[in-house]
Amino acid sequence: MTHIHVLHILNKAPSHPRSVECLSALMPGDTLLLIENAVLAVASLNEYRAGIPVFALAPDVIARGLGECSENTTLVDFAAMVDLTAQAQQIISW
Amino acid sequence: MSKSTLIVIDQPPYGAWAGREALDMAFSLAAFDQRVSLLFMGAGVNWLRKSQETSEIEQKSVEKNLSAAPVFGVEKLYADAAACDQYSLFPESMIAGVVITESSSELIRQHSHTAFAG
Amino acid sequence: MAAIPVQNYTLVITGAPYSSQAPQTALLFAEAAITAGHTVDRVFLYGDGVHLASALVTPPSDESHWPALWAKFLTDNAIPGIACIASALRRGLVNESEQKRYALPASNLLDPFTIAGLGEWVEGTMTSSRVIYFHGGG
């Protein structure tokens, strides 16, 4: 796992205003972690900025029946979510 | 970069409580001599409108609450430029002392912490 | 791969149980953090998050009891769980001393949670190496 400047943790559905704000704040060097309702975005992932690594919390993805849709994201468990937060310089929960 | 916090308000006033609780967070940091600024984005920029008259909805005016921010030691009030455009909020319709920012993502990078109240 | 630095966390929960996923996501995160060798300095409940500390929450018996699960986790790991006093009083969450102060008919703060001011959160931002927020969804 490489250096992460800002880890953006997003828990809102794609149509939520906060989700839109989060996506427009992504910059090179950042990482996006989708949790809770935000994992619904794995079904329509092309809108994310190129070059931003995108992770999704596996229990939330699987719970919503999206396990087969997540080819553009890396599924992570809670242990890996903890690792991401430990490595990031800065963390924002949207 | 010295340690500083950016508290973000993106919910409109009166219809939701998270903005007031965000303001309390900013005032608390300032009370403990911590550096803090507020960023209004999305519908949250409606906090900044002048001439709010709230007696008929029986809530305290957030315009009044906000006017205490510099007194409490909140360093800056920022407003997202695109959101101001969206809500037709021009400098003359805004409370005094607001700094318009074109890039909220740059602002986030200039602070060591960024937090929403809910 | 570089070793992952050990962190001490302050967790802030602003989403209520049974109207958001925040308390359960936060609990699973906290358990994983402890398992990985990190420490959790405190859990701070803010806004609607204070409902997690109500002793009166009574879900149906076939649903997870998030306040009870959180109370056990905090007790087992000796982690302070603090509800913001301003958020708590507005939402009808009181301990015995607030009950007496305001002459209320009952108190309902679940053990081991305590009630304190936002200064506890400020302390977290000053002394914990990581502050993570768990908000309501939408």
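In the predicted model, A33(C) touches V82(A), Y9(C), H38(C) and V40(C), with residues up to four places away in sequence left out of the count. The list thus includes a residue of chain A, V82(A), beside residues of chain C. A33(C) lies in helix 1 of chain C, which spans residues 22-35. A33(C) counts as buried because 25 C-beta neighbours are found inside 10 Å, the cut-off being 20 or more. One of the residues touched by A33(C) is Y9(C); 24 residues separate the two along the chain, and their C-alpha atoms are 8.6 Å apart.

The helix that holds A33(C) also takes part in the contact between chain C and chain A. This contact draws on 20 residues of chain C and 18 residues of chain A. On the side of chain C that touches chain A, two or more residues are given by helix 1 and by strand 5 (130-134) of chain C. Helix 1 of chain C supplies the largest share of that side, with 6 residues. By class, the side of chain C that touches chain A consists of 11 nonpolar, 8 polar and 1 charged residues.

Chain A is also in contact with chain B, through 8 residues of chain A and 9 residues of chain B. Helix 1 (17-25) and strand 5 (88-93) of chain A are the elements that give two or more residues to the side of chain A that touches chain B. The most comes from helix 1 of chain A, which gives 4 residues. Of the residues on this side of chain A, 5 are nonpolar, 1 is polar and 2 are charged.

Helix 1 of chain A has several buried residues, namely R18(A), S19(A), E21(A), C22(A) and A25(A). These residues lie on the same side of helix 1 of chain A because the arc they cover around the axis is only 160°. In general, an α-helix has 3.6 residues a turn, so residues three or four places apart point the same way. The buried residues of helix 1 of chain A pack against strand 1 (4-10) of chain A and also against helix 5 (104-110) of chain B.

As to confidence, chain B has a mean pLDDT of 94, and 98% of its residues reach 70 or more. Among the elements of chain B, the highest mean pLDDT, 98, belongs to strand 2 (residues 35-40) of chain B, and the lowest, 90, to helix 2 (residues 62-67) of chain B.

Key
Residues numbered from 1 in each chain as written. Chains lettered and ligands numbered in written order. Predicted model: local features only at pLDDT ≥ 70, side-chain atom pairs only at ≥ 80, totals over all residues. Contact = placed C-beta atoms within 7 Å. Nonpolar A, V, L, I, M, F, W, Y, C, P; charged D, E, K, R; others polar. Buried ≥ 20, exposed ≤ 12 C-beta atoms within 10 Å, placed from the backbone. pLDDT = per-residue confidence, 0-100. Arc of directions from axis to C-beta.
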